[in-house]
Amino acid sequence: MEHVVASPARSATDLPEKESRFSNTFLRLKKHLERKVGEAIGDYGMIADGDVVMVCISGGKDSFTLLSILLALRERAPVDFRIVAMNLDQKQPGFPDEILPAYFESIGVEYKIVTENTYAIVKDKIPEGKTTCSLCSRLRRGIIYRTAKELGATKIALGHHRDDMIETLFLNMFFGGKIKSMPPKLVSDDGENVVIRPLAYCAEKDIERFARGMEYPIIPCNLCGSQENAQRKHIKTMLRDWDTRFPGRIVSIATALKNVVPSHLADSSLFDFRNVSSGTKVDQGDIVFDTPELPVEQPDASAIPIGIWRS
Ligand code: SF4
């Protein structure tokens, strides 16, 4: 069963009353997140004039934050675009299906709730004790793509943030033998859906603080009974530990994702090592006999040039 509700038009800056109580520190945090999202949108060309952006809302802190920030940015964006919040109710036991419609209506955003019992399918197909996440996310992805087409959405916005991207990078390096993360923007395998991650420059700890201040009606993420992947948990702990003990390290890793030097790695599909000979120009030169300069400079993504999306 599905339903689409167009909520009454309302200004995105006309925020619920509780925001008027926000402290200056909180308002600075909000501005900071808006700036980071604006930078990511501008850098990767995430949103264009006339886009219909379907924002996937799980009921967690990240997707609630994404929706709020996009609504606020739309007010002063240089382009005109529509936002439709979308939630997939997977019929997990105890899922409070009244919370999100009530929230969407309270902030006046157009929304669509899709109800599909993927929980029953997963329980039926996966033997007890085996991990259910891969089938569950495959099913979810198919439904999200189908819904985007039905809505005429030109972009699908997901709430993954900077730290999700870094965790994925390490997971792939530690267990997949690949330097690969989550891209800020990608096209689905069928070539028909463009997925964007506008929180790509946002730190999880900022999102956590923001979500607390906003008092979102968070829906627990463990209703399916599945445990968070143990390896991802270890990596999260490792990164949080680094962030405490070595300030700047996480920012540097995030910046590194934007500064890849193929000629100084070892992937022949990205750089033609075989045909390097005297006279070949190599990006960033010969560092064979140089020790890297330490400590590594900690460039901040906010230092990149100001574009039209930035506030
Ligand atoms: S944690 Fe639960 S809801 Fe999330 S992907 Fe895994 S099985 Fe699905």
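Helices and strands are here DSSP runs, a helix being H or I over at least four residues and a strand being E over at least two, numbered from the N terminus.

**Entry 1: overall make-up.** I began with the model as a whole, which is a predicted one. I counted the elements under that definition and found 9 helices and 7 strands in the protein. I then looked up burial and noted that 27% of the 311 residues count as buried. I also checked how far apart in sequence the contacting residues lie. Among contacts between residues at least 6 apart in sequence, 79% join residues at least 24 apart.

**Entry 2: from β2 to β3.** I next asked how strand β2 and strand β3 run relative to each other, parallel or antiparallel. Strand β2 covers residues 52-56 and strand β3 covers residues 82-89; I found them parallel, joined by 5 bridges. To place the pairing on the model, I noted that V52 stands opposite R82 in β3. I followed the chain between the two strands and saw that it passes through helix α2, residues 61-74, in a right-handed β-α-β crossover.

**Entry 3: from β3 to β4.** I continued to strand β4, residues 111-115, which runs parallel to β3 and is joined to it by 5 bridges. Here I took D89 as a marker, since I found it opposite T115 in β4. The helix of this step is α3, residues 99-107, and I recorded that β3, α3 and β4 make a right-handed β-α-β unit.

**Entry 4: the annotated cysteines.** I turned to the UniProt record, an unreviewed entry, and asked which residues its "binding site" annotation covers. The record lists C133, C136 and C224. I checked whether they are scattered or gathered: they span 92 residues in sequence, yet no two of their C-alpha atoms are more than 10.0 Å apart, so they gather at one spot.

**Entry 5: C133 and C136 in turn.** I located C133 in helix α5, which covers residues 133-151. C136 also has its place in helix α5. I then asked of C136: buried or exposed? I noted 21 C-beta neighbours inside 10 Å, so C136 counts as buried, the cut-off being 20 or more. For C133 I noted 15 other C-beta atoms within 10 Å, and therefore entered C133 as partly exposed. That count falls between the limit for exposed, 12 or fewer, and the limit for buried.

**Entry 6: contacts of C136.** Last, I looked up which residues C136 touches, leaving aside its neighbours within four places in sequence. I found C136 in contact with T118 and V122.

Key:
Residues are numbered from 1 along each chain as its sequence is written. This is a predicted model: local features need pLDDT of at least 70, side-chain atom pairs count only at pLDDT 80 or more; totals for chains, interfaces and linings use all residues. Two strands pair if DSSP finds at least two bridges between them. A crossover is right-handed if, with the strands pointing away from the viewer, the path from the first strand over the helix to the second runs clockwise. UniProt positions are given in the numbering used here, feature names are shortened, and annotations may be inferred rather than shown by experiment. Two residues are in contact if their C-beta atoms, placed from the backbone, lie within 7 Å.
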